[in-house]
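Q: Please take a close look at one loop residue and how open its surroundings are. Then set it in context by working through the rest of the model.

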Amino acid sequence: MSIKEKALILDKAGIDRALTRIAHEILEKNKGARDIVLIGIQRGGVHIARRLASRIHEIERVEAPVGSLDITMYRDDLSTRKSQPVPQATDITFDIQDKVMVLVDDVLFTGRTIRAALNSIMDYGRPRCIQLAVLVDRGHRELPIRADYVGKNLPTSAKEKVEVMLAEDGVEEKIVILGE
Amino acid sequence: MSLTSKDLLGIQGMTADEITTILDTAATFKDVSERDIKKVPALRGKTVINLFYEASTRTRTSFELAGKRLSADVINISTSTSSVVKGETLLDTARNIEAMKCDMIIVRHSCSGAPEFLSKRLKSAVINAGDGFHEHPTQALLDMYTIREKLGKLEGLAIAIVGDIAHSRVARSNIYGLTTMGAKVRVCGPPTMMPRGIESLGARVYCDMNTAVEGVDVIMMIRLQLERQTVGLFPGAREYASFYGLNQARVERAARHVLVMHPGPMNRGVEISSEVADGTPVILEQVTNGVAVRMAVMYLLSGGTNSEA
């Protein structure tokens, strides 16, 4: 069963430019890189968080700590799924107390993943504030959640699927909409 | 990925994929027990009953902690203080509990097959915490998790299980699990306690412990129940210890990196010398891993099966 790529949203160059802009926006809004930590949400946000950290380092010469967060156990649909998703690793080796935390994910859709991430983070400590950076905001929010930094705003129909493909996963880098 | 059945009754019949899924899931749950807030909401609002017809410290506490760390409501029923002393049958007890709408029942019983009996008649998920001489699946899973964590793999390892194999559900579950995962299992013990036909499960039988532990990667000691002496299965604790006890000399016959494991509780000086017991931290790690593995099992069994029940 092959799902066709209906439209190419961003190619590699487009993704790079968007991430560079987001990195600058993070530094602008927070007036520098002090106390910033980046947490990528498994699985889509982890590589993006690392890339943002390396861009921040290029621009500001500061190493922002990067961690990964698995939200599987905080999902709101565990009782209704037929099979349980296998959790990935949560890897936050640094203290998040009083830090400016930037959550990073690839696609913002209903907002339920971010709600789960917020609940999960609260069990790790109390950041000074939490901001959200996403590569694509495709609308259709089901909860009052919004991103602070957006790579691309993409109006979609609910039935479509947005796929972010990154070089770290061994594929050609691009963002596409998949159709039936 | 989910387990193919609504219950966990035994390792026999589980595929290597299912076992691997449980072990992988357990690794992430281990992290939960190490953080400051040792709770995740995965089983929030679910009700779990520990129905233990036999005494237990480790297993029951481990299941209780596992449930609580998943945010479930856990109730312990130990039958010595329940209506079982008034003669209530197993099925009536379980049905009454189910009438209070619980989602998961964890059963330990002296009759082999009791959990399966319940699983066929109850809608709740049933987890076998040890039934008679049959199986103790979560113990085997935590043993396999421990071995995989310390030695990096299970396939191809040489593992010696030593002790009263005939009466050991821990040994049976481990034999099923380790052979499914591709390890080479040796069993060793007094001939009076070695079940006939055990080779058909894929284990090699040794009567001499010194040969059995030669070069192995893991030595798993099984507890000797001292009551077995009164029925003539072994002459005495001292003679048992000298032939089948794990002492430092026997540990040194195994591989350099050998893991010494014991499901607990230990009879110091009988199946394991104090020197060896205190020199091996893995035995306590088994207990830590037990909570993580049980969390994984409870999580994987708690899926949306309510819809088709």
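A: A residue is called buried if 20 or more other C-beta atoms lie within 10 Å of its own, exposed if 12 or fewer do, and partly exposed in between. The model is a predicted one. A:His140 has 13 other C-beta atoms within 10 Å and is therefore partly exposed. A:His140 sits in the loop that links β5 (129–137) to β6 (149–153) of chain A. Its phi is near 65 degrees, a positive value in a residue other than glycine. Most residues other than glycine have a negative phi, and most peptide bonds are trans.

Chain B offers a parallel case. The phi of B:Ser71, again positive in a residue other than glycine, is near 70 degrees. The loop that holds B:Ser71 runs between α2 (58–69) and β2 (73–78) of chain B. B:Ser71 is partly exposed because 15 C-beta neighbours lie inside 10 Å.

Cis peptide bonds come next. In chain A, such a bond joins A:Gln42 to A:Arg43, with omega about -10 degrees. A:Arg43 belongs to the loop between β2 (36–41) and α2 of chain A. In chain B, B:Gly264 and B:Pro265 are joined by a cis peptide bond whose omega is about -10 degrees. B:Pro265 is found in the loop between β9 and α10 (274–278) of chain B.

The loop of A:Arg43 leads to a helix pair. Helix α2 of chain A (residues 44–60) packs against helix α1 of chain A (residues 12–29) at an angle of about 65 degrees, and the two axes are 9 Å apart. The crossing of α1(A) and α2(A) is right-handed. From α1(A), the contact is made by A:Leu19, A:Thr20, A:Ile22, A:Ala23, A:His24, A:Ile26 and A:Leu27. From α2(A), it is made by A:Arg51, A:Leu52, A:Arg55, A:Ile56, A:Ile59 and A:Glu60. By class, the contact of α1(A) with α2(A) has 8 nonpolar, 2 polar and 3 charged residues.

Helix α1(A) also meets a sheet. This is an open sheet of 3 strands in chain A, in the order β1-β8-β7, with antiparallel pairing. Its edge strands, β1 (5–11) and β7 (161–165) of chain A, each pair on one side only. From one strand to the next, the twist averages 20 degrees. Strand β8 of chain A (residues 174–178) and β7(A) run antiparallel and are joined by 5 bridges. Within this pairing, A:Lys161 stands opposite A:Leu178 in β8(A). Packed on the sheet, α1(A) touches β1 and β8 of chain A, and its direction makes about 45 degrees with that of β1(A).

In chain B, the loop of B:Pro265 follows a strand of another sheet. That open sheet has 5 strands in the order β7-β6-β5-β8-β9 (chain B), and the pairing is parallel. Strands β7 (203–206) and β9 (259–261) of chain B form the edges, each pairing on one side only. The twist between one strand and the next averages 20 degrees. Strand β8 of chain B (residues 218–221) pairs with β9(B) in the parallel sense over 3 bridges. There B:Val218 stands opposite B:Leu259 in β9(B). Helix α5 of chain B (residues 137–151) packs on this sheet and touches β8 and β9 of chain B; the direction of α5(B) makes about 160 degrees with that of β9(B).

Helix α5(B) can be described further. Its 15 residues reach 21 Å from the first C-alpha to the last, close to the 21 Å expected at 1.5 Å a residue. The helix is mostly covered, with 12 of its 15 residues buried. Among the buried residues are B:Pro137, B:Leu141, B:Asp143, B:Met144, B:Tyr145 and B:Arg148. The cover over the buried residues of α5(B) includes α1 (16–34), β4 (125–131), α6 (169–180), β8, β9 and α11 (282–301) of chain B. B:Gly152 follows α5(B) and has a positive phi, near 85 degrees.

Last comes the contact between the chains. It takes 17 residues from chain A and 18 residues from chain B. On the side of chain A that touches chain B, the residues divide into 7 nonpolar, 6 polar and 4 charged.

Conventions:
Residues are numbered from 1 along each chain as its sequence is written. Chains are lettered from A and ligands numbered from 1 in the order in which they are written. This is a predicted model: local features need pLDDT of at least 70, side-chain atom pairs count only at pLDDT 80 or more; totals for chains, interfaces and linings use all residues. Two strands pair if DSSP finds at least two bridges between them. Helices (H or I, at least four residues) and strands (E, at least two) are DSSP runs, numbered from the N terminus. Axes are lines fitted to C-alpha atoms, for helices over the stretch in contact, and angles run from 0 to 180 degrees between N-to-C directions. Two residues are in contact if their C-beta atoms, placed from the backbone, lie within 7 Å. A crossing is left-handed if the near helix is turned anticlockwise from the far one by less than a right angle, and right-handed if clockwise. Ala, Val, Leu, Ile, Met, Phe, Trp, Tyr, Cys and Pro count as nonpolar, Asp, Glu, Lys and Arg as charged, and the others, Gly among them, as polar. The expected span of a helix is 1.5 Å times one less than its number of residues.
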